[in-house]
Every structure is written in structure tokens, then in C-alpha cells.
Amino acid sequence: MRERLRIFIASCLYYSGIVRLALFWSARTKRQLIILNYHNAEGNLQDQMRYLSRHYRILHVEDALKELYAPKSVDRANASRRDRRIPLALTFDDGYLDNYRLAWPLAKKLQAPITIYII
């Protein structure tokens, strides 16, 4: 009987939309950082970087980590003038030649900071 009651309450919360609202609210209030790692700069990189710069706030890795681990008081003080988009750091691994030939000029053109890690 206790298990049925638990399932009934859980289904009521789920189908009323309260669970979805709680998940949405927790995702909006907690700090987030996306680190996107490319291996090669091939394909439709220009379209991808345009999309990312439109929907995310692209930062250097160091700046993104400083923002992620900043004290809550500093975060609240800058909240009114801060860009509300999720911060994103673009990295390229292994330092292939196409990173320099394709990704670097594209990043300069779109004014998107990238980090290239050399072997």
C-alpha cells in the first residue's frame, strides 16, 4: 500500500508539471559551464561557431573557470549587467595544422576566443 501511495504522489507531481518546473528552475539558478572540445577543424566549423556565438557566451577557458568558481557575492553583484547566456569555452586538441589554418582565422573573424592545446 505504501508503494502505491508513493507511485501515486510521484505521478501527480510528474503529470502536473511540477517536476519539469523544478528541473527548469534548478538549471537556471545553478552555475553552468560548457567546454566544447574539437579535435580537427574540418567540416562546417564556420556554421557551428556562428551558432555557438549566437546562443552561448564564448569565453577563454581561464575566464570561464574564474566565473564558474567566483564567490556567490561577486556573482550577485554582476548579475544585473552580466550576459545571461550559458558560458562556453572552445578548445582544440593536439595542435593540428588545420587548427591554425582554419580555426584561428575563423575565430578572429567571429571574435570568438579559442584555446589550442599543443602536444
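Contact here means heavy atoms within 4.5 Å. The structure shown in these views is a predicted model.

**View 1. Asp98 and the residues around it.** Asp98 belongs to helix 6, which covers residues 97-110. With neighbours within four places in sequence left aside, Asp98 is in contact with Asn40, Ala41, Glu42 and Ala103. Asp98 is buried but forms no salt bridge. Which side chain of opposite charge is nearest to Asp98? That side chain is Arg101, at 6.7 Å. A salt bridge requires a side-chain nitrogen of Lys or Arg within 4 Å of a carboxyl oxygen of Asp or Glu, so a separation of 6.7 Å does not qualify.

**View 2. Overall layout of the chain.** The chain holds 6 helices and 4 strands. Read from the N terminus, the order of elements is α-α-β-α-β-α-α-β-α-β. The chain has 119 residues, and 22% of them are buried. For contacts between residues at least 6 apart in sequence, 79% link residues at least 24 apart. The exposed area of the chain is about 9,200 Å², of which carbon and sulfur atoms supply 59%.

**View 3. The largest nonpolar core.** This core contains 14 residues. Which of them touch the most other members? They are Leu45, Met49, Leu90, Phe92 and Ile114. Helix 3 (45-55), strand 3 (87-92) and helix 6 are the elements that give two or more residues to the core. Around Ile114, with residues up to four places away in sequence not counted, the residues touched are Met49, His60, Leu90, Phe92, Ala103, Trp104 and Ala107. Of the residues named for the core, Met49, Leu90 and Phe92 are thus also among those touched by Ile114.

**View 4. The salt bridge between Glu67 and Arg57.** By the rule used here, the salt bridges come to 2. One of them joins the side chains of Glu67 and Arg57, with an N to O distance of 2.7 Å. Glu67 lies in helix 4 (residues 61-68) and Arg57 in strand 2 (residues 57-59), so the pair ties together parts that are 10 residues apart in sequence. Is Arg57 buried or exposed? Arg57 counts as buried because its relative accessibility is 11%, under the 20% limit. Glu67, at 24% relative accessibility, counts as partly exposed.

**View 5. The salt bridge between Glu3 and Arg6.** The side chains of Glu3 and Arg6 also meet in a salt bridge, again with 2.7 Å from N to O. Both residues lie in helix 1, 3 residues apart, which is about one turn of the helix. Glu3 is partly exposed, with a relative accessible area of 42%. Arg6 has 52% relative accessibility and therefore counts as exposed, the limit being over 50%.

**View 6. A nonpolar patch on the surface.** Leu5, Phe8, Ile9, Leu13, Tyr14, Tyr15, Ile18, Val19 and Leu23 make up a nonpolar surface patch of about 970 Å². Helix 1 (2-16) and helix 2 (18-29) each supply at least two of its residues. Which helix gives the largest share? Helix 1 does, with 6 residues. Val19, a member of the patch, lies in helix 2. At 33% relative accessibility, Val19 counts as partly exposed. Patch residues need over 30% relative accessible area, so a value of 33% meets that cut-off for Val19.

Terms used:
Residues are numbered from 1 along each chain as its sequence is written. This is a predicted model: local features need pLDDT of at least 70, side-chain atom pairs count only at pLDDT 80 or more; totals for chains, interfaces and linings use all residues. Side-chain values use heavy atoms; hydrogens and water are left out. Patches are made of residues with over 30% relative accessible area and no salt bridge: like charges are joined within 9 Å, nonpolar side chains (Val, Leu, Ile, Met, Phe, Trp, Tyr) within 5 Å. Accessible areas come from the Shrake-Rupley method with a 1.4 Å probe; for residues, only the protein chains shown count as cover. Buried means under 20% relative accessible area, exposed over 50%, partly exposed in between (1.4 Å probe, protein chains only). Lys and Arg count as positive and Asp and Glu as negative; His and the chain ends are not counted. A nonpolar core is a set of buried Ala, Val, Leu, Ile, Met, Phe, Trp, Tyr and Cys residues joined through side-chain atoms within 4.5 Å.
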